[in-house]
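Reader: I should like to learn how to read a metal site and a helix packing from a model. May we work through an example together?

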Amino acid sequence: MTGMTLPGWVYQDEEFFALEKEAIFLRTWQLVGHISEVENPGDFLRFDLLGESALVVRDPRGRLQAYYNVCRHRGSRLVDRSAGHCAGLIHCPYHGFSYDLDGQLVAVEGVEDFDGLNKRELGLIPVELDVYLGFIFVRFLSDDGPSVAEQLAPFDDILQRYLPVEMSPLTPVTSSTVPANWKVAVENSLEAYHVSTAHPGLKRLYAGTYTFDVQPLGVSRGGGTIDAHDSSVWSERLYHRLLPDAPHLPLDRKRAWHYYGLFPNLTLALYPDQIAFHQILPLGSEVCLKRTGAYALADNRPEMRAARYLNARINRRVAEEDRLLIESVQAGVRSRGYLPGPLSRREARVHQFQSLIRERLPVATCPELPKTGQVGVRNRELGGRAPARAKAFARV
Ligand code: FES
Ligand SMILES: [Fe+2]
């Protein structure tokens, strides 16, 4: 089944974008970081998405906890940094309410001036948390959907072989804005059909070995064996020559680059020398943020250090090539001249992604933009779920 691409209006309409926030982004697992970034009690990571903000903190018993980054007094953000350490207590910077790392309100400045304040009722609001292979995920709205492990189960055996739990950050997490709808950026990451035309370097590297695999529950894989012994690009030749053995990996992964996709917006790039993540976070209907981090096993071999440097260099170039493609597609899909086009079998992962968009938001099957204010109405008429009105969680 190949199918046709989505209509152009879903890549630019504000009402559709608002539906995506609730039907897709708040209800799916979002990668925050890696356990090595919150090793000690009090270490925290902050993760922001479409106006929501989560705080993941390691408690004194060594467990990870996730809360909305919102004070129970008058709503101030509790932490403003993306990562850090708080010694035992989370202090609100506004009026000084203090919470322990279990989220309980433990101290209130001038408590005698509140009538009937019950600290037990004013704990931080939890956010759903999941940890899979060392990677930390949050989900802002409970979906009763599968865990990350259940989603990635078809790939679990091979993912384990990379020893991700034992890894630590190779480079700090970086973010860059991309002037395109988030779906254009994700779709670009899901297929290698464009590689032979648009990435001459990658084409040489894979030398026709690229395969892909689409599994249920929104997960997929693409990748191939790398061979650049005669590449004209020095960084590729050198990477091929220097990449040392990864004794923990099976033979067919010792010299292979594979990309695992988790709906809606995450790619885990598994290299013999490191694991990188690429996460596309929507900022607006026509702008998104690409967030990237890389993790690796401790390995001081000079060849491994060189291979890691070269990997980053090769992929920087690929990312620059992709950025231009993404901007070009965004310009195209917002034109009157765009109509849904045919998908190749080589774009099966894009087909899976777009099918999941239509499933979660059936209004995406409409070829034309519904009348102003009617996108949500039409979506419900077509079987889409009504937006949640209640608070995400009530703490008990
Ligand atoms: S808003 Fe946090 S203490 Fe007032
Ligand atoms: Fe690409």
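Author: The turns below take up a metal site, a helix pair and two single residues. Please bear in mind that this model is predicted.

Reader: Which atoms coordinate the iron ion (ligand 2)?

Author: The iron ion (ligand 2) is held by NE2 of H194, NE2 of H199 and two OD atoms of D322, at 2.0 to 2.6 Å. Along the sequence these donor residues follow the spacing H-x4-H-x122-D. H194 and D322 thus join distant parts of the chain, being 128 residues apart: H194 sits in the loop between α4 (182-189) and α5 (195-198), and D322 in helix α8 (residues 302-333).

Reader: Are H194 and D322 buried or exposed?

Author: H194 and D322 are both buried.

Reader: How should the geometry of such a site be judged, and what are the angles among the 4 donor atoms here?

Author: As a general idea, ideal angles at a metal are 109.5 degrees for four tetrahedral donors. Here the angles among the 4 donor atoms of the iron ion (ligand 2) are 55 to 155 degrees, and the site is classed as irregular. Four donors count as tetrahedral if all angles lie between 85 and 135 degrees.

Reader: Next, the helices. At what angle do the axes of α4 and helix α9 cross?

Author: In general, two packed helices are described by the angle between their axes and the distance between the axes. The axes of α4 and helix α9 (residues 348-360) come within 8 Å and cross at roughly 150 degrees. Angles over 145 degrees count as roughly antiparallel, and α4 and α9 are therefore roughly antiparallel to each other. Their crossing is right-handed.

Reader: Which residues of α4 and α9 meet?

Author: From α4, W182, K183, V186, E187 and S189 meet R349, V350, F353, Q354 and I357 of α9.

Reader: How many residues of α4 are buried?

Author: In α4, 7 of the 8 residues are buried, so the helix is largely enclosed by the rest of the structure. The buried residues include V184, A185 and N188. Their cover includes α1 (14-25), β16 (275-284), β17 (287-296), α8 and α9.

Reader: Where does R346 lie?

Author: R346 lies in the loop between α8 and α9. The C-alpha atoms of R346 and H194 are 9.6 Å apart, although 152 residues separate the two along the chain. Beyond its neighbours within four places in sequence, R346 contacts E191, Y193 and F212.

Reader: And what does N311 touch?

Author: N311, in helix α8, is buried, with a relative accessible area of 2%. Leaving out residues up to four places away in sequence, N311 touches Y239, W257, Y271, D273 and Q274.

Note on methods
Residues numbered from 1 in each chain as written. Chains lettered and ligands numbered in written order. Predicted model: local features only at pLDDT ≥ 70, side-chain atom pairs only at ≥ 80, totals over all residues. Heavy atoms only, no water. Donors = N, O, S within 2.8 Å, 3.2 Å for Na, K, Ca; no water. Tetrahedral: all angles 85-135°; square planar, octahedral: opposite > 155°, others 65-115°. Helix = DSSP H or I, 4+ residues; strand = E, 2+ residues; numbered from the N terminus. Buried < 20%, exposed > 50% of the residue type's maximum accessible area, 1.4 Å probe, protein only. Axes fitted to C-alpha atoms, helices over the stretch in contact; angles between N-to-C directions. Parallel < 35°, antiparallel > 145°, perpendicular 65-115°, else oblique. Left-handed = near helix turned anticlockwise from the far one by under 90°. Contact = heavy atoms within 4.5 Å.
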